[in-house]
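Reader: I have a structure to look at and would like to go through it in small steps. Can we begin with how some of its strands are arranged?

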Amino acid sequence: VCGDKYLVIYDLGGHNVRVYNSFSLLFEESFRYPVQCVSINSEGAFCVVTSEKNYRSAVFVYDRNFDETYRWLSSDKLAIGAFLSDRDELSISTIQVIDGELVSELLELKIGEKDLVSSFSLKGALPLMHRSERKNAFFITDLGFHILKKSKSVASQDFVQGSILKVSLGENRFAVLCDELSVGVNYKLSIYDDEGKEIRSRKFSETIRDLKVYDDSVYVLTHTELYVFSEGLEDLCIALDGDYLQVGVLAENCVVLCGDTQAKIQILKR
């Protein structure tokens, strides 16, 4: 997990978390229970989702000096993910079963305060990803997305259950890739602004390996090509000379393509 100051490395389901800067290892912690996810903000503060004795879930928050400043514990909710904002606000997506029905919840908390800032719940949905920013909170489940303001849904979109394949959240845009569940290979990429309005869509007849959003651009990786969709610019399609599984965006015109045995820096030219 990359922040502006630090890089956090952990094994999903493992116990160790390590924090690095550009030169060396700065911090290492071995947790008693498996680590589910880590989030880091631009100041270098980070949180770790795991468990604790006698609790189903625990989220530990550390400041940029690696001191624990806050912890959230729950005996009934299972934390799926967490996001730590630059304003020291912690949001946690959780699930639990109530009367035999799955209930998902997005909790928003302020570091140092005991009471919840807000909460939003859905029945029958499984959280996939979330992000809380200054204006809105984005809560994406396997059934669709909700954009929240003060725990109220102000925009939403439903999808067919099981159709969402990939999601990428950026600061100004987010993108959702869905399988149209029709005969043959047919995928739909939908790009939304930060108010939840669809501003672009594109269909693909080949498998999408990776999807990233960076600023106002969306990067789509197939097994043969890299597509870039940017606001106000012509679409870009680059033929690949290797077998790549993931794309990382270093700058608007610079990506790193990663495969099983190699990684390549690619400068994008229009």
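Author: We can begin with one pair of residues. This is a predicted model. In it, Ile9 stands opposite Arg18, which belongs to strand 2.

Reader: In which sense do strand 1 and strand 2 pair, and over how many bridges?

Author: Strand 2 covers residues 16–20. Its pairing with strand 1 is antiparallel, and the number of bridges is four.

Reader: Which strands stand at the edges of the open sheet?

Author: The open sheet is formed by three strands in the order 1-2-3, with antiparallel pairing. Strand 1 (7–10) and strand 3 (25–30) each have a single partner strand, so one side of each is left without a neighbour in the sheet. The edge strands are therefore strand 1 and strand 3.

Reader: Which strand gives the most to the largest nonpolar core?

Author: The largest nonpolar core has 16 residues, and Val59, Trp72, Leu90 and Ile92 have the most contacts inside it. Strands that each supply at least two residues of this core include strand 5 (46–52), strand 6 (55–62) and strand 8 (78–84). With three residues, the one that gives the most is strand 8.

Reader: Is Ser118 buried or exposed?

Author: Ser118 is in strand 11, residues 116–123. Its relative accessible area is 10%. Buried means under 20%, so Ser118 counts as buried.

Reader: With which side chain does the side chain of Ser118 make a polar contact?

Author: Not counting residues up to four places away in sequence, Ser118 touches Leu106, Leu107, Glu108 and Ser151. The polar contact, at 2.7 Å, is with the side chain of Glu108.

Conventions:
Residues numbered from 1 in each chain as written. Predicted model: local features only at pLDDT ≥ 70, side-chain atom pairs only at ≥ 80, totals over all residues. Heavy atoms only, no water. Buried < 20%, exposed > 50% of the residue type's maximum accessible area, 1.4 Å probe, protein only. Polar contact = N/O pair within 3.5 Å; in protein donor to acceptor, adjacent residues only side chain to side chain. Contact = heavy atoms within 4.5 Å. Pairing = 2+ DSSP bridges. Core = buried A, V, L, I, M, F, W, Y, C linked by side-chain atoms within 4.5 Å.
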